[in-house]
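Hi there,

Here is the structure I promised to pass on. Please have a look, and below it you will find my notes.

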Amino acid sequence: MRRTLALSVVLAAFGVSFVAQAQESAEEVSAGSSLSVSGEGVSEPSVEVRAEPARDRAFEWQQPGPSVQTAPSGFGVAADVRSVPLSEPVHVEVEVEIVERRHAAEDGDGAGQKVLDYIGNRFWFASYGRVQPSINPADGSPGRQTRLVVPSPRVDEGSYVELTLGYVPYRDDRGVEVEVVTTLALDGEKLFHFDGNWDANLAVRNLYVEARNLWIDGLRLWAGSRMYRGDDIYLLDFWPLDNLNTYGGGVGWHGKTRTNIDLHFGVNRLTNSYQYQVVEVVDERFVGEREVVFLDRQRFIASLKVEQLFGREEGVQFKAKLYGEVHAIGEGEYLQTQPESVKKLPSDNGWLVGGQFGVSNFLGESFANVFVKYAGGLAAYGEMAIPFGVSTDLKAADARQFLFGVSSGLDFRYVNVLLGGYVRYFRDADGIEEDFDDGVEGVWNVRIAGRVGRYFAPGIELSQQLRRPNGLSPVTQTQDMGSIFKLSLLPAVRFGEGLLSRPEIRLNYTVSFLNEAARNMFPERDRLRQAEVVHFLGIAAEWWFNL
């Protein structure tokens with residue numbers, strides 16, 4: 001009885017094992033494969049399963065182009081051969097069909113493709129970044145950017161990255177489209193691998209929603225926090241004309257005539273004593289003190305730009321732009337201590353007018369832009385600057401700024417050239433003609449990069465910063481012109497085609513030469529005050545992309 005029971009258990013287990021393995025083998029057999037069971041002339045009957053190698057559907061789903069073709073058995077790909085033990089010798093031929101399973105898998109691929117298409121049509125991701133660890137070979141200290149004016153050549157800039165995610169939550173057959181854009185920026189000066197601090201300087205650079213083609217073709221409406229800018233001078237990391245960091249909204253029209261009109265309104269309230277102050281007062285309800293907001297005033301900024309494009313879309317193109325800004329801030333009160341008194345802060349305003357002319361798509365991807373602007377009052381300082389050198393009534397109405405800038409790139413077959421520079425005149429509002437804060441400054445910058453083979457791009461860069469204040473130098477009591485001349489060797493490995501192809505990995509050796517007038521413009525005890533020559537050695541990575 002016990003032997004019979006034990007034998008039954010063994011046979012049952014053996015049968016379950018066979019069914020499980022046979023099902024596993026059958027699932028891997030493609031349509032048209034055969035399964036033969038043979039028990040003749042063998043001491044241990046077995047099932048031999050021959051099947052074509054299964055497709056890697058995960059790979060096929062991710063890759064563009066035609067589907068992966070399975071190689072026939074015996075043509076460079078080994079067939080899948082399995083042996084399954086049988087309890088009894090038998091011989092049978094069975095055609096295994098798994099068409100339903102194949103169709104189900106193909107339907108799954110179709111659903112996956114729909115998901116990919118939706119993501120590709122609705123989401124986009126972009127990034128700009130640079131990382132540049134560096135050293136001063138003379139003393140082993142970290143490499144430092146030698147900057148006499150702002151903006152200045154970017155070749156020895158520090159690390160920085162922006163991460164942008166865009167999403168289109170709404171789109172209809174009338175052409176209306178709504179886009180949500182978020183950009184996070186990280187200041188690379190706070191890198192854990194460098195300073196050991198689990199911390200980061202994080203900023204939200206974009207956070208807005210824009211609707212396009214609303215009611216009429218070309219109409220645009222947006223609201224939020226936004227980098228609102230036009231064309232830049234790449235070598236200086238500088239937007240010379242329309243460059244606002246705004247918290248507001250706007251409306252525009254981009255017509256089929258290639259005419260673009262954009263009107264914008266925004267505000268800012270910087271956390272400084274010019275716009276915001278928190279003071280401590282005695283708490284009348286409870287024992288102790290509490291904080292209250294005493295000064296809280298916003299700056300209002302409005303801008304208007306009108307742009308017209310000319311030329312063929314696939315050929316040489318021209319651009320003409322007119323641009324203007326209006327700035328205004330209300331009055332307020334500031335609490336001074338020791339002795340305590342209240343200072344009246346008057347309302348103030350400013351204005352800016354300018355223009356740009358550009359040409360692109362000549363000599364391959366070559367381009368050139370010329371910028372000019374003239375600003376007065378608050379706008380002469382910039383939208384995020386605190387006015388200094390104000391008049392006796394504490395207003396900035398008499399401040400003036402004039403700027404002329406150029407930016408160009410020449411794209412030849414084996415070499416490309418980038419050019420950039422500007423000249424700026426600034427006068428504050430205090431009415432003093434021989435003021436050290438007033439004067440003329442400028443930068444010129446040229447970078448030449450070759451192309452050797454597919455990836456190697458040796459380069460050289462030359463630049464000079466100049467500043468001539470109207471007033472006398474506090475050190476020499478003479479009117480001096482400061483100068484910093486830079487020479488950079490930039491051998492690089494570059495990926496992609498074109499004038500500004502990226503990503504790029506480059507070695508950067510920059511040497512800066514400072515004249516005496518430039519050195520005297522740095523504060524006392526700053527090491528640049530005594531440095532006639534400054535060395536900078538770094539290895540840099542730079543990229544930008546839009547997916």
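How many bridges join strand β27 to β28, and do the two run parallel or antiparallel? This is a predicted model, so please read the notes that way. In it, β27, made up of residues 492-494, is joined to β28 by 3 bridges, and the pair is antiparallel. One position to look at in this pairing is R494, which stands opposite E504 of β28.

β28 covers residues 504-514 and has other partners too. Strand β26, residues 482-489, is linked to β28 by 6 bridges, again in an antiparallel arrangement. Here you can find K486 opposite S512 of β28.

Then there is strand β29, which spans residues 533-546. Between β28 and β29 there are 10 bridges, and these strands also run antiparallel. E504 turns up again here: its bridge partner in β29 is E542. So if you click on E504, look for R494 opposite it in β27 and for E542 in β29.

Now for the chain as a whole. I count 5 helices and 29 strands. Of the 547 residues, 39% are buried. The exposed surface of the chain comes to about 31300 Å², with carbon and sulfur atoms supplying 59% of that area. As for contacts between residues at least 6 apart in sequence, 62% of them join residues at least 24 apart.

Happy browsing, and do write back with any questions!

Best wishes

Key. Residues numbered from 1 in each chain as written. Predicted model: local features only at pLDDT ≥ 70, side-chain atom pairs only at ≥ 80, totals over all residues. Heavy atoms only, no water. Helix = DSSP H or I, 4+ residues; strand = E, 2+ residues; numbered from the N terminus. Buried < 20%, exposed > 50% of the residue type's maximum accessible area, 1.4 Å probe, protein only. Contact = heavy atoms within 4.5 Å. Areas by Shrake-Rupley, 256 points an atom, 1.4 Å probe, with all protein chains shown as cover. Pairing = 2+ DSSP bridges.
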